[in-house]
Amino acid sequence: MKASKVARKRVKSLHVDGKSPAVPGLRERKRQETRERLTRAAMALFLERGFEATTIDDIAAAAEVSRRSFFHYFASKEDVVAAWQENAASALVAEVVARPADESMLTAAENAIAATVKRLDPAEAAAMSRLKRDNPALQARDQLKYEMIERALAEGLAQRGRTKSDRLQARLVAMIATGAMRVGGESWIGEGARERPEAFVKRTFDAIRAILK
């Protein structure tokens with residue numbers, strides 16, 4: 001069964017592409033397109049039916065590929081979620097690098113996170129958070145995601161500095177910002193996801209600054 005057109009449209013806002021400076025060849029582009037099609041189909045079905053209720057056969061059919069082809073790109077359903085998270089992390093780091101040079105590292109991290117979450121649909125983001133919260137396998141993947149984001153953020157922030165102390169500051173800010181994303185996300189869901197994500201990001205970082213005073 002193919003994912004509904006509505007579900008496909010909805011999941012596009014969840015999928016964020018990290019752009020590569022190199023132009024891939026035709027074969028590689030086709031592989032990327034198939035991988036992205038599988039990811040979009042899977043995420044649409046997960047949101048529509050639930051993670052456990054969605055089978056690999058369902059995903060393959062929705063993406064119009066064979067079951068065998070699915071395993072050329074992913075080893076499991078959990079790997080599909082991880083792939084989406086990797087793209088989101090790449091987009092976040094790109095936002096950090098693009099922030100104005102006169103911003104402090106903490107402000108750059110805050111604004112990058114706010115810009116990233118602003119592109120998400122709140123209802124979809126909340127549904128995805130609940131999906132991961134209610135599945136032990138996805139919870140474990142989520143922990144790995146935050147570790148990956150912390151490392152990537154540290155590297156992105158370090159590009160704004162020049163000294164060893166700047167690199168240390170970058171690592172500390174990355175740790176704080178990643179913790180803010182994790183705790184803030186949990187609080188946002190706990191409060192019913194009523195507030196716009198970017199507004200909640202600001203409130204979370206305001207709380208951090210109040211603590212650091």
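**Note on a predicted all-helix chain**

1. Arg 99 has a relative accessibility of 24% and so counts as partly exposed. Arg 99 shares a salt bridge with Glu 103, with N and O 2.6 Å apart. Glu 103, at 17% relative accessibility, counts as buried. The cut-off explains the two labels: buried means under 20% relative accessible area, so 17% falls in that class. The model is a predicted one.

2. As for the overall make-up, the protein chain has 10 helices and zero strands. Its pattern along the sequence is therefore helix after helix, α-α-α-α-α-α-α-α-α-α. Of its 213 residues, 43% count as buried. The exposed area of the protein chain is about 11900 Å², and carbon and sulfur atoms supply 54% of it. Among contacts with a separation of 6 or more, 72% are between residues 24 or more positions apart.

3. Helix α2 covers residues 26-49, which is 24 residues. From first C-alpha to last, helix α2 reaches 34 Å, close to the 34 Å expected at 1.5 Å a residue. The buried residues of α2 include Thr 34, Leu 38, Met 43 and Phe 46. Just after this helix, Gly 50 takes a positive phi of about 105 degrees.

4. The whole structure holds 12 salt bridges. In general, side chains of opposite charge can pair when their charged atoms come close. One of the bridges joins Arg 67 and Asp 57, at 3.2 Å from N to O. Arg 67 belongs to helix α4 (residues 67-73) and Asp 57 to helix α3 (residues 56-63), so this pair ties together parts 10 residues apart in sequence. Arg 67 is partly exposed at 43% relative accessibility, and Asp 57 is partly exposed with a relative accessible area of 43%.

5. Which residue forms a salt bridge with Lys 202? The partner is Asp 206, with the closest N and O atoms 3.0 Å apart. Both residues lie in helix α10 (residues 197-212), four residues apart, about one turn of the helix. Lys 202 counts as partly exposed at 48% relative accessibility, and Asp 206 is partly exposed with a relative accessible area of 36%. Elsewhere, salt bridges that share partners join Lys 132, Asp 142 and Lys 145 into one network.

6. On the surface, Leu 168, Leu 172 and Met 175 make a nonpolar patch of about 290 Å². Met 175 lies in helix α9 (residues 164-190). Met 175 is partly exposed, with a relative accessible area of 46%. Residues in a patch need over 30% relative accessible area, so Met 175 passes that cut-off.

How values were computed: Residues are numbered from 1 along each chain as its sequence is written. This is a predicted model: local features need pLDDT of at least 70, side-chain atom pairs count only at pLDDT 80 or more; totals for chains, interfaces and linings use all residues. Side-chain values use heavy atoms; hydrogens and water are left out. Patches are made of residues with over 30% relative accessible area and no salt bridge: like charges are joined within 9 Å, nonpolar side chains (Val, Leu, Ile, Met, Phe, Trp, Tyr) within 5 Å. Accessible areas come from the Shrake-Rupley method with a 1.4 Å probe; for residues, only the protein chains shown count as cover. A salt bridge is a side-chain nitrogen of Lys or Arg within 4 Å of a carboxyl oxygen of Asp or Glu. Helices (H or I, at least four residues) and strands (E, at least two) are DSSP runs, numbered from the N terminus. Buried means under 20% relative accessible area, exposed over 50%, partly exposed in between (1.4 Å probe, protein chains only). The expected span of a helix is 1.5 Å times one less than its number of residues. Contact means heavy atoms within 4.5 Å.
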